[in-house]
Amino acid sequence: MERSERGERVLEEELIDKVRNGSDHALRLLIERYKDQVFRTVYAVLRNQKDAEDASQEVFVKIYTSLSQYENQGFKTWITRIAVNHAIDCKRKAARRNEEITGSSVQPPKEDILLERLDSVEAKFEEKQLRLLVRRRIGEMPENYRRVIHDYYIEEKSYKKIAEEQEVEVKTIETKLYRARLWMRKHWKEEDFQ
């Protein structure tokens, strides 16, 4: 088992090096190897098949353009973090668009609710694990960031709703979330998510 894991890691590192050196074939192999993992991760956040498919393609573009920053510290964890961050950004943008169009949060269509009920056990398990992980890590954050992250990502409240509850301007909430994300990038290391 240990030997095969080591072999897998060597193969993975060779693929990454080939992609960095411009090999389209190695890129296709890398995408093929991780496409299901990326899709499941993105789908756990977005809960919509079409959106998850689109976002997964965007994630691979981000992975490709960010490979120069990868430092062999756990590729699967690294791409999962990119996928989660991108999916959260997509969800936030969609919520913001809905708010701009209607002036309030919109209920999902009945088809989305039905699809959510028909999700595979695996997707539900991964989503639960992700939420538990985020909740655990949020507990380690400074108090001034913890509430806004919890309200936005766990409770899925809009900027407007959070601002109303905290009796501040929407811009203040945007700033708090921005600073909280910076704190997470600085303090949450790759190995914390393995």
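## Close-up views of a predicted model

**View 1. The surroundings of Arg147 and its salt-bridge partner.** Arg147 counts as partly exposed, at 42% relative accessibility. Its partner, Asp151, is buried, with a relative accessible area of 7%. As a reminder while you look around, this is a predicted model. The closest N and O atoms of the Arg147–Asp151 salt bridge are 3.9 Å apart, which falls inside the cut-off because a salt bridge here asks for a side-chain nitrogen of Lys or Arg within 4 Å of a carboxyl oxygen of Asp or Glu. Both residues belong to helix α7 (residues 143–154), where a spacing of four residues puts about one helical turn between Arg147 and Asp151. Follow the shared partners outward and you will find one network of salt bridges that joins Arg147, Asp151, Lys157, Lys161 and Glu165.

**View 2. Two more salt bridges within helices, Lys35–Glu32 and Lys50–Asp54.** Under the rule used here, the count for the structure comes to 10 salt bridges. In the Lys35–Glu32 bridge, 3.2 Å separates the closest N and O atoms. Lys35 and Glu32 are three residues apart in helix α2, about one helical turn. What is the burial state of these two side chains: buried, exposed or partly exposed? Lys35 is partly exposed, with a relative accessible area of 35%, and Glu32 is partly exposed as well, with 49%. In helix α3, Lys50 and Asp54 form a salt bridge whose closest N and O atoms are 3.1 Å apart. Here the two residues are four residues apart, again with about one helical turn between them. Asp54 is partly exposed, at 31% relative accessibility. The general background is helpful here: an α-helix has 3.6 residues a turn, so residues three or four places apart point the same way. Side chains of opposite charge can pair when their charged atoms come close.

**View 3. The bend in helix α2.** Where does α2 bend? The bend is at Tyr34, and its angle is about 50°. The end-to-end distance is worth a look too: α2 has 23 residues, yet its end C-alpha atoms are only 29 Å apart, short of the 33 Å that a straight helix would reach at 1.5 Å a residue. Several α2 residues are buried, including Ala26, Leu30, Tyr34, Val38 and Val42. The polar residues Gln37 and Thr41 also appear among the buried positions of α2. Just after the helix comes Arg47, with a positive phi near 60°.

**View 4. The largest nonpolar core.** This core has 24 residues, and those with the most contacts inside it are Val42, Ile63, Phe75 and Trp78. Two or more residues come from each of α1 (2–20), α2 (24–46), α3 (49–66) and α4 (75–102). Which helix gives the most to this core? That is α2, with eight residues. Zoom in on Val42 and, leaving aside its neighbours within four places in sequence, you will find contacts with Ala52, Ala55, Ser56, Val59, Ala83 and Ala87. A second, separate core has 16 residues, among them Met141, Tyr145, Ile173 and Met184. In soluble globular proteins, nonpolar side chains tend to be buried together.

**View 5. A cluster of aromatic rings around Tyr70.** The structure holds five aromatic pairs. Tyr70 and Phe75 make an edge-to-face pair, 5.2 Å centre to centre with 80° between the planes. Tyr70 also pairs with Trp78, this time in a tilted arrangement of 5.1 Å centre to centre and 50° between the planes. The label follows from the angle, because planes over 60 degrees apart count as edge-to-face, those under 30 as stacked and the rest as tilted. Are these rings buried or exposed? Tyr70 is buried, with a relative accessible area of 4%; Phe75 is buried, with 2%; and Trp78 is buried, with 7%. Ring pairs link Tyr34, Tyr70, Phe75 and Trp78 into a cluster, and Tyr34 is also the residue at the α2 bend.

**View 6. Trp183 in helix α9 and its approach to Met141.** Trp183 is placed in helix α9 (residues 170–187). At 16% relative accessibility, Trp183 counts as buried, because the cut-off for buried is under 20%. Trp183 and Met141 are 42 residues apart along the chain, and 8.2 Å separates their C-alpha atoms. Met141 is one of the residues in the second core.

Definitions and conventions:
Residues are numbered from 1 along each chain as its sequence is written. This is a predicted model: local features need pLDDT of at least 70, side-chain atom pairs count only at pLDDT 80 or more; totals for chains, interfaces and linings use all residues. Side-chain values use heavy atoms; hydrogens and water are left out. A nonpolar core is a set of buried Ala, Val, Leu, Ile, Met, Phe, Trp, Tyr and Cys residues joined through side-chain atoms within 4.5 Å. Buried means under 20% relative accessible area, exposed over 50%, partly exposed in between (1.4 Å probe, protein chains only). Contact means heavy atoms within 4.5 Å. Rings of Phe, Tyr and Trp (its six-membered ring) pair if their centres lie within 6.5 Å; planes under 30 degrees apart count as stacked, over 60 as edge-to-face and the rest as tilted. The expected span of a helix is 1.5 Å times one less than its number of residues. The bend at a residue is the angle between axes fitted to the seven residues ending there and the seven starting there.
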